[in-house]
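User: I would like to learn how to read charged pairs, burial and surface charge in a protein model. Could you take me through these features one at a time?

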Amino acid sequence: MIKLSLIHPTQAAPIQSWTFDNEPVVRIGRSKDNDVVIHGSLVSRHHLELWNRQTHWEIINFGTNGTFVNGKPVRQMPVWDGMTFRLGSTGPKLHLHLNSSSLQREEGRVNSEQ
C-alpha cells in the first residue's frame with residue numbers, strides 16, 4: 001500500500017490524501033486522467049509516476065519544472081516511507097507513506113511462489 005498526502009502550503013497539515021493498494025503505476029499531474037490530480041502553475045499535465053517494482057516503489061519525473069526531494073531535482077529514484085517531494089522547486093508538496101507490512105507480505109508471497 002502507498003498513501004500520498006498533499007501538504008498545506010503554509011502549515012504542516014495534509015489537506016488531501018490518496019491511498020493505492022496494488023496498482024503497478026500511480027500517475028500524478030494536473031490532467032484529470034491522472035490517479036492523483038493536483039492543480040498548480042508548476043505542475044505539469046503528467047508530472048510524475050510512482051512505479052511499483054514488487055520489492056520497492058520508484059519515483060520517475062516527467063514534469064517540465066522537475067520533481068524535488070530535499071531541495072534537489074530527481075529524475076528517477078527509489079522512494080522510502082516518510083519521503084516528502086515537491087512538484088517544481090516551490091510547487092505543491094506531497095508526503096508519501098508506505099505500509100511496509102503489506103510490502104513484506106507481498107514479498108513473502110512472491111518468494112513462496114518461486
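User: Let us start with R53: is R53 buried, partly exposed or exposed?

Analyst: In this predicted model, R53 is partly exposed, because its relative accessible area is 35%, and a residue counts as buried only under 20% and as exposed over 50%. The side chain of R53 meets that of E58 in a salt bridge, with 3.6 Å from N to O. E58, for its part, has 12% relative accessibility and therefore counts as buried.

User: What is the general idea behind such a pair, and how many salt bridges does the structure hold?

Analyst: Side chains of opposite charge can pair when their charged atoms come close. The structure holds 2 salt bridges, and besides the one between E58 and R53 there is one between E49 and R27, whose closest N and O atoms are 3.3 Å apart. E49 belongs to strand β5 (residues 48–52) and R27 to strand β3, so this pair ties together parts that are 22 residues apart in sequence. As for burial, E49 counts as buried at 16% relative accessibility, whereas R27 is partly exposed at 36%.

User: Which residues form the negative surface patch?

Analyst: The patch is formed by D21, E23, D33 and D35, and patch members must have over 30% relative accessible area and no salt bridge. Taking D21 as an example, this residue sits in the loop between β2 (14–20) and β3 (25–29), and it counts as partly exposed because its relative accessibility is 49%.

User: Loops are often my starting point for polar side chains; where does N34 lie, and is N34 buried or exposed?

Analyst: N34 lies in the loop between β3 and β4 (36–37), and with a relative accessible area of 8% it is buried. Its side chain reaches the backbone oxygen of S31 at 2.8 Å, and a polar atom of the N34 side chain also lies 2.8 Å from the backbone oxygen of R45. N70, in the loop between β7 (67–69) and β8 (72–74), is by contrast exposed, with a relative accessible area of 67%. From N70 to S89 the C-alpha to C-alpha distance is 10.0 Å, for a separation of 19 residues in sequence.

User: How many helices and strands does the chain contain, and what share of its residues is buried?

Analyst: The chain has 1 helix and 11 strands, and along the sequence the pattern reads β-β-β-β-β-β-β-β-β-β-β-α. Of the 114 residues in the chain, 39% are buried.

Technical notes. Residues numbered from 1 in each chain as written. Predicted model: local features only at pLDDT ≥ 70, side-chain atom pairs only at ≥ 80, totals over all residues. Heavy atoms only, no water. Patch = residues over 30% accessible without salt bridge, like charges linked within 9 Å, V, L, I, M, F, W, Y side chains within 5 Å. Areas by Shrake-Rupley, 256 points an atom, 1.4 Å probe, with all protein chains shown as cover. Salt bridge = Lys/Arg side-chain N within 4 Å of Asp/Glu carboxyl O. Lys, Arg positive; Asp, Glu negative; His and termini not counted. Charge placed at Lys NZ, Arg CZ, Asp CG, Glu CD. Helix = DSSP H or I, 4+ residues; strand = E, 2+ residues; numbered from the N terminus. Buried < 20%, exposed > 50% of the residue type's maximum accessible area, 1.4 Å probe, protein only. Polar contact = N/O pair within 3.5 Å; in protein donor to acceptor, adjacent residues only side chain to side chain.
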